[in-house]
Amino acid sequence: MDTTLTGEQPQGAANGKEKDAPSCDLSTVQPSEDEEVERGALKRLSTMWSSFRAKLNRDQVKEPCQESLDSAPVDTTAREQRYMSGHYFFEYLVVVSLKKSKEGAYEPQITYQFPKRDGMVRFQKEEEEKTLKAITLFCFPEGISWAPLTEYHSETFSFVLTEIDGSRRNGYCRRLLPHGNGARPPEAFCIISRLACFGLFSKIFDEVEKRHQISMAMIYPFMQSLREAAFPAPGNTVKIKSFVPDKGTEIISLTRPLDSWLEHVDFRTLFRCLTNEEVVLVFAAAVMERRIVFIAVELSTLSQVIHAVAALLYPFTWQHTFISIVPEILIDVVMAPTPYLLGVQKRLMDQVTDQTDLLVVDLSEDRKDTFLVQIGDEKSILPPKLQDEILQALRNRKEKSTVEELNSVVSEAFLPFFVKTVGHFDLYVTRNSKGQPGVFQSRAFYKTIKSKTTRHFVKKFLQTQMFDLFIQEVEQQPASPQQGIFHKKIVEYQEQKKKEKAKKRH
């Protein structure tokens, strides 16, 4: 149940082409061609998903003890509508603990949930139970292979749940060792929200963890205040009042980044794990919508890298299977024949590297080779001149950049690539005066490109689902000026080209 980071994607296809399920990680994916080999693999994936759903539907032999500190129901119809409109920070907070079964294995169970949902009809309860079960899988994707610990390095990671109707919820998770004496298993705090802003929710976890050190009862008033606060617009700040014993009332400031398309992303881990050249190679494979698997030991590394790679595709959005951390029970998803971005823990690496026709990227510090499996043509996907320009721009990043500084450098490196290759798209959307949807003239679009290598790349890129759905949105829009940073960069580039032409004339 994992997807990309830029909100809900268009459903279906206006031009009648058969499409994959939009950016789903666990949904069955429809093949682009009716080939028997693909059908067999898809059948395996479908069986795996059905099995997973069956596990969620199974009668709960052991009902987890769910603690709730709220004294009265906090949900009303008006508040639910407010949340669904995106005005609430989060849907709920859960604590997932590892409980020992009769067989002696540790199983993840939800032991705390805020707020408790009251007044739901039967099918709503069933769907929520399935979602909560899925959350336990993603909080502890290792399965039951746990043992009590005396030391555990806290880590924060994220995943995205994609429902059957295409709606999405982001899962933010922090795993840590609960307070106590002696060896004990870790537990996970998980916030479910329709809002994608990793840095902001990491700060919220800091506050939750600080209150948890005092008492679980201290978490409720803070989360209640947060739930009632309006989610700030990009670049704005919201202030939350919260009482802490011995410190009095604290004012907590939560600020959204100005560039909202990068607010779910921290590129530092990506560039710590990979060289500039390796990042560009991964970008090339992603642009062609290939099967890509990332291998790492730490969940936070997988989560941050896979979301960073997806962000490199802006203004386009990864439309296929996307699981930042694949639970062990779902490892067979690597056999899917259609494109995917997957994060797999290193202990499961042997179950991935026996696959072919994909790119397997090892992010581990002790790795011998970065690319464990390659198709072999990755270095020749991008036009050479534009690839060199990306690398040149990436060399401008400082050794110890802040998140904002690195985001700026990365944006300036990759966004111009799409501006120069496909930024003239709007000139080739013909519209009539009756308000009917526009029609994209694809052949004329790529034929106008002078560079042979760029034209060859663009011709292939036009066949991707990410471009197809992007251009469908453009076709549905009126001819009024577009907004956003991509359009701004296109205008700047076109003005620059006009000035260069004018200089040549004189």
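Does Thr-356 count as buried or exposed, and at what relative accessibility? In this predicted model, Thr-356 has a relative accessibility of 55% and therefore counts as exposed, the cut-off being over 50%. The views below begin with the whole chain and then turn to individual sites.

**Figure 1. Overview of the predicted protein chain, with its 14 helices and 14 strands.** The chain comprises 506 residues, of which 54% are buried. Among contacts with a sequence separation of 6 or more, 66% are made by residues 24 or more positions apart.

**Figure 2. Close-up of the loop between strand 10 (340–345) and strand 11 (359–362), with Thr-356 and Asp-357.** Thr-356 belongs to this loop. Its C-alpha atom lies 8.0 Å from that of Gln-374, although the two residues are 18 positions apart in sequence. Asp-357 is located in the loop between strand 10 and strand 11. The phi angle of Asp-357 is near 60°, a positive value in a residue other than glycine. Most residues other than glycine have a negative phi. Asp-357 has a relative accessible area of 57% and is therefore classed as exposed.

**Figure 3. Close-up of Asp-362 in strand 11.** Is this residue buried or exposed? Asp-362 has a relative accessible area of 3%, and so it is buried, the cut-off being under 20%. Leaving aside residues up to four places away in sequence, Asp-362 touches Ile-295, Lys-346, Arg-367, Asp-369, Thr-370 and Leu-372.

**Figure 4. Close-up of Glu-250 and its surroundings in strand 7 (residues 248–255).** The relative accessible area of Glu-250 is 18%, so the residue is classed as buried. Which side chain makes a polar contact with the side chain of Glu-250? The partner is the side chain of Lys-210, at 3.3 Å. Beyond residues up to four places away in sequence, Glu-250 touches Glu-207, Lys-210, Arg-211, Ile-240, Lys-241, Ser-242 and Val-244. For Ile-240, which is 10 residues from Glu-250 along the chain, the C-alpha separation is 8.0 Å.

**Figure 5. Close-up of helix 9 (residues 384–394) and its buried residues.** The buried residues of helix 9 are Leu-386, Gln-387, Ile-390, Leu-391, Ala-393 and Leu-394. They span an arc of only 165° around the axis, and therefore lie on the same side of helix 9. An α-helix has 3.6 residues a turn, so residues three or four places apart point the same way. The elements that cover the buried residues of helix 9 include helix 6 (268–273), helix 7 (276–287), helix 10 (403–422) and helix 12 (452–461).

**Figure 6. Close-up of the second largest cavity, with about 40 Å³ of space.** How many cavities of 30 Å³ or more are counted? The count comes to 2. Rolling a probe the size of a water molecule over the atoms shows where empty space is left. The lining of the second largest cavity is formed by Ser-158, Phe-198, His-264, Val-265, Asp-266, Ser-303, Gln-304 and His-307. Helix 8 (residues 299–311) supplies the largest share of this lining, with 3 residues. By class, the lining of the second largest cavity consists of 2 nonpolar, 5 polar and 1 charged residues.

**Figure 7. Close-up of the cis peptide bond between Phe-114 and Pro-115.** The omega angle of this bond is about -10°. Most peptide bonds are trans. Pro-115 is located in the loop between strand 2 (106–114) and helix 3 (122–139).

**Figure 8. Close-up of the cis peptide bond between Tyr-314 and Pro-315.** For this bond, omega is about 15°. Pro-315 lies in the loop between helix 8 and strand 9 (321–323).

**Figure 9. Close-up of Glu-289, a residue other than glycine with a positive phi.** The phi angle of Glu-289 is near 55°. Where is Glu-289 found? Glu-289 sits in the loop between helix 7 and strand 8 (291–296). Its relative accessible area is 10%, and Glu-289 is therefore buried.

Note on methods. Residues numbered from 1 in each chain as written. Predicted model: local features only at pLDDT ≥ 70, side-chain atom pairs only at ≥ 80, totals over all residues. Heavy atoms only, no water. 1 Å grid on protein atoms, 1.4 Å probe; cavity = no way out; pocket = protein on both sides within 12 Å on 5 of 7 lines; lining within 4 Å. Points joined across faces, edges and corners; volume = space filled by probe spheres on them. Helix = DSSP H or I, 4+ residues; strand = E, 2+ residues; numbered from the N terminus. Nonpolar A, V, L, I, M, F, W, Y, C, P; charged D, E, K, R; others polar. Buried < 20%, exposed > 50% of the residue type's maximum accessible area, 1.4 Å probe, protein only. Arc of directions from axis to C-beta. Contact = heavy atoms within 4.5 Å. Polar contact = N/O pair within 3.5 Å; in protein donor to acceptor, adjacent residues only side chain to side chain.
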